[in-house]
Each structure stands twice: as structure tokens, then as C-alpha cells.
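Colleague: Please take a close look at the cross-links in this model, meaning the disulfides and the salt bridges. I would like one connected account that I can read beside the structure.

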Amino acid sequence: MADGGGWRPPRPCEVYRAEWKLCRSARHFLHHYYVHGERPACEQWRRDLASCREWEERRSAEAQRSLCESERARVQATRKHTLVWALRQSPPADWHLPLPQEEKDQ
Amino acid sequence: QLQQQHVACQVLPERLAEGKPGQGFLSSFFTNNQKCQLMLLKTLETNPYVKLLLDAMKHSGCAVNRERHFSCEDCNGNVSGGFDASTSQIVLCQNNIRNQAHMNRVVTHELIHAFDHCRAHVNWFTDVRHLACSEVRAANLSGDCSLINEIFRLHFGLKQHHQTCVRDRAILSILAVRNISKEVAQKAVDEVFESCFNDHEPFGRIPHNKTYARYAHRDFQNRDRYYSN
């Protein structure tokens with residue numbers, strides 16, 4: 001991640017733009033208010049879009065750092081709550097097994 | 001309005017021993033079972049919420065097979081569907097699901113339970129907190145509590161009403177499958193709410209409509225690119 005060679009932004013610039021547009025839409029304001037009781041914060045998407053474009057035009061190291069940090073913060077935000085259950089290391093053993101015979105007979 | 005009272009069961013305590021195909025009262029070509037199958041097929045092929053969930057489950061090692069993991073049956077009461085953890089099967093109540101939009105929502109709701117079963121050790125039968133968590137997530141992420149649906153139920157509220165709806169519907173769903181008091185169910189929901197309301201896997205966000213679901217699916221398909229940063 002430190003060097004620019006072969007690195008690309010976490011998302012294509014069009015995606016940052018689409019997310020920013022969605023965030024700023026009236027519909028999203030309504031949805032967000034309905035869920036959280038406050039207005040949405042869209043500034044970070046705008047910053048990321050600007051950084052992405054800067055990276056595309058000038059390969060700016062600052063833009064790269066900013067994008068990485070932003071994405072890391074988003075991932076961290078999803079992991080801040082302790083889960084109620086323990087995650088599995090492998091799927092349930094019986095997921096693919098055939099149904100019990102009496103179910104099949106119906 | 002009857003439809004709006006339907007609650008999705010997490011696990012059906014008893015499925016009807018012999019389902020018989022329902023006959024529509026109106027003149028129709030299809031039995032309830034056939035209608036259910038057709039609507040299910042359309043959901044699986046076109047609905048962005050469901051397509052993301054199917055992808056996520058495949059990625060977790062639980063590829064979904066329509067014939068093995070779904071069953072259209074007649075159900076008691078006004079239940080819309082349920083996830084049967086003991087047989088790894090989603091039951092769709094063919095006598096209670098009347099239209100495509102409802103089918104979309106029920107399948108999404110039950111697939112969220114199936115997804116939780118696949119990725120975590122969920123003690124469905126022995127820990128009401130685990131059950132509560134999956135019900136909170138399903139109510140939150142399936143569209144059950146969208147503003148439109150709540151208005152149809154004549155539940156009016158705007159500011160943060162979504163959270164009220166999620167709590168209420170999670171409690172209803174728990175009471176539909178567990179012989180416990182409303183207070184116990186409420187306590188379980190309260191205890192897990194903070195964590196489970198904010199667990200948006202596999203969507204990464206609350207999908208308020210199909211646009212959000214499509215964006216979420218795009219993000220899921222590109223997750224390797226995000227996480228490598």
C-alpha cells in the first residue's frame with residue numbers, strides 16, 4: 001500500500017460519485033431521518049471523490065493516503081460492536097444433506 | 001390489511017403434517033402452490049436483495065438450492081414464512097403470500113436467518129438473545145420496516161420510527177415461535193439491539209430500496225478490492 005506502483009483506489013471514482021449523489025438526494029435524507037432521526041453526513045464521500053480524481057490525474061500520495069484512511073474508517077465502523085454470537089469457521093455440516101425421508105415423501 | 005399483520009416466523013414450531021394445495025377463490029389457472037413456486041422463482045432471479053444474499057451464502061459455503069432449501073406449504077395462522085434450522089429449509093406459506101412484493105420481502109427476511117445460521121453459531125432453540133438478534137437484523141434489513149410498509153400498517157411516525165418498528169416486529173416474531181412472555185422477549189431485544197441493529201452483513205448498509213440493494217451487491221462483489229486497502 002505504501003508505494004504507488006500497481007495500487008488503485010478502493011473504489012472506482014464513479015462509485016464515489018454515485019454514493020455522494022445518493023447520499024445528497026432528498027430520498028436518502030428521508031430514509032436517513034426515518035432511521036436515525038438526524039440528517040445524513042455526506043462530506044466524506046465528496047472528499048473521497050475529490051481524492052480519487054486527484055489520484056487519477058496526478059497520482060498524489062496524499063490522495064492515496066486519504067482514500068486508504070477513509071476506507072479503513074468505514075470498515076472499522078462496521079466492526080465496533082461486539083457480536084452476540086460466535087462466528088463459524090465452517091458452514092453447518094447438514095446444510096447440503098438431503099431432507100429427512102418423511103419430508104421427501106410429501 | 002390482513003397481509004400487513006403477517007409476521008415471518010423464525011422457526012416454525014410445527015409445520016402442517018399434510019399440506020394440500022390451496023384453491024384460489026377467484027378463477028385462476030394456478031393453485032396456491034404453483035403461484036408460490038412461480039413467485040419464488042421470479043424473486044430468486046430478479047430481486048437485488050435476494051441475489052446479494054444468495055451470493056453471500058454461497059461465499060460462506062451454503063450455496064442455496066431452490067428445491068432443497070425452499071418449500072411452499074400451507075401454514076397455520078397468519079404467518080408468512082419461516083426458517084427451519086433443524087432441516088436447513090425456508091418455508092413459504094403459500095396460503096398467506098399473495099403478491100410478488102410480499103414474496104420478495106419474505107424470502108429476503110428468511111434468507112437473512114439462513115445467512116446467520118450459515119455464518120454463525122446461532123443457538124436458535126436455547127438462547128432467546130440469539131433469536132432476538134436475527135429477528136432484529138431481519139426486520140431491519142429486509143424492508144419489513146420501510147416507511148411505506150409502516151404507513152400501510154397505519155403506523156405513523158417519522159423521526160427514528162424505523163427503530164421502533166424493528167423492535168416491535170422482532171418481538172412479534174419471537175412471540176410467534178416461542179412460548180415466552182412479552183416482557184422476556186422485549187428484554188432480549190433490548191439487550192441485543194445496539195449490536196444487532198448495527199450489524200448490516202452482508203449488505204454493509206440498511207438497504208432502503210432496490211437501489212441501495214444494488215449498490216450493496218456491487219460492493220459485495222468488489223469487497224476484495226476494499227479490504228486489500
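Modeller: What follows goes through the disulfides, then the contact between the chains, then the salt bridges.

This is a predicted model, in which local features need pLDDT of at least 70 and side-chain atom pairs count only at pLDDT 80 or more, while totals for chains, interfaces and linings use all residues. Residues are numbered from 1 along each chain as its sequence is written, chains are lettered from A and ligands numbered from 1 in the order in which they are written, and side-chain values use heavy atoms, with hydrogens and water left out.

Over all chains the structure holds 7 disulfides, a disulfide being a pair of cysteine sulfur atoms within 2.5 Å. With the bonded cysteines of chain A numbered in sequence order, the pairing is 1-4, 2-3. C68(A) takes part in no disulfide, and the nearest cysteine sulfur, that of C52(A), is 12 Å away. C68(A) is buried, at a relative accessible area of 3%; buried means under 20% relative accessible area, exposed over 50%, and partly exposed in between, with a 1.4 Å probe and protein chains only. For chain B, counted in the same way, the pairing is 1-3, 2-6, 4-5, 7-10, 8-9.

In chain A, one disulfide is formed by C23(A) and C42(A), with their sulfur atoms 2.0 Å apart. This pair links distant parts of the chain: C23(A) is in helix α1 (residues 13-24), and C42(A) is in the loop between α2 (26-36) and α3 (43-58), 19 residues apart. Helices (H or I, at least four residues) and strands (E, at least two) are DSSP runs, numbered from the N terminus. The torsion about the S-S bond is -85°, and the link of C23(A) and C42(A) is left-handed. C23(A) is buried at 7% relative accessible area, and C42(A) is buried at 12%.

In chain B, C62(B) is joined to C118(B), with an S to S distance of 2.1 Å. C62(B) sits in the loop between α2 (48-59) and α3 (66-69) of chain B and C118(B) in helix α4 (residues 100-119), so this disulfide ties together parts 56 residues apart in sequence. The link of C62(B) and C118(B) is right-handed, with 100° about the S-S bond, and both cysteines are buried. Another disulfide of chain B, between C75(B) and C93(B), also has its sulfur atoms 2.1 Å apart. The torsion about its S-S bond is about -85°, so the disulfide of C75(B) and C93(B) is left-handed. C75(B) is buried at 12% and C93(B) at 0%.

Next comes the contact between the chains. It takes 43 residues from chain A and 61 residues from chain B, contact meaning heavy atoms within 4.5 Å. The area buried between them is about 4500 Å², of which carbon and sulfur atoms give 58%; buried area is the accessible area (1.4 Å probe) that two parts lose on being put together, summed over both. Y34(A), W85(A) and W95(A) supply 23% of the area that chain A buries against chain B, more than any other three residues.

Between chain A and chain B there are 3 salt bridges, a salt bridge being a side-chain nitrogen of Lys or Arg within 4 Å of a carboxyl oxygen of Asp or Glu. R205(B) forms a salt bridge with E19(A), with the closest N and O atoms 2.6 Å apart. Both residues belong to a network of salt bridges, whose members include R11(A), D48(A) and D219(B).

Over all chains the structure holds 23 salt bridges. Among them, D116(B) and R137(B) meet at 2.8 Å, N to O. D116(B) lies in helix α4 of chain B and R137(B) in helix α5 (residues 128-141), so this pair ties together parts 21 residues apart in sequence. D116(B) is buried, with a relative accessible area of 0%, and R137(B) is buried as well, at 0%.

Other salt bridges lie within one helix. R65(A) and E62(A) meet at 2.6 Å, N to O, and both lie in helix α4 of chain A, 3 residues apart, about one turn of the helix. R65(A) is partly exposed at 40%, and E62(A) is partly exposed at 46%. In chain B, E191(B) pairs with K187(B), the closest N and O atoms being 3.1 Å apart. These two are 4 residues apart in helix α8 (residues 182-197), about one helical turn. E191(B) is partly exposed at 42%, whereas K187(B) is exposed at 54%.
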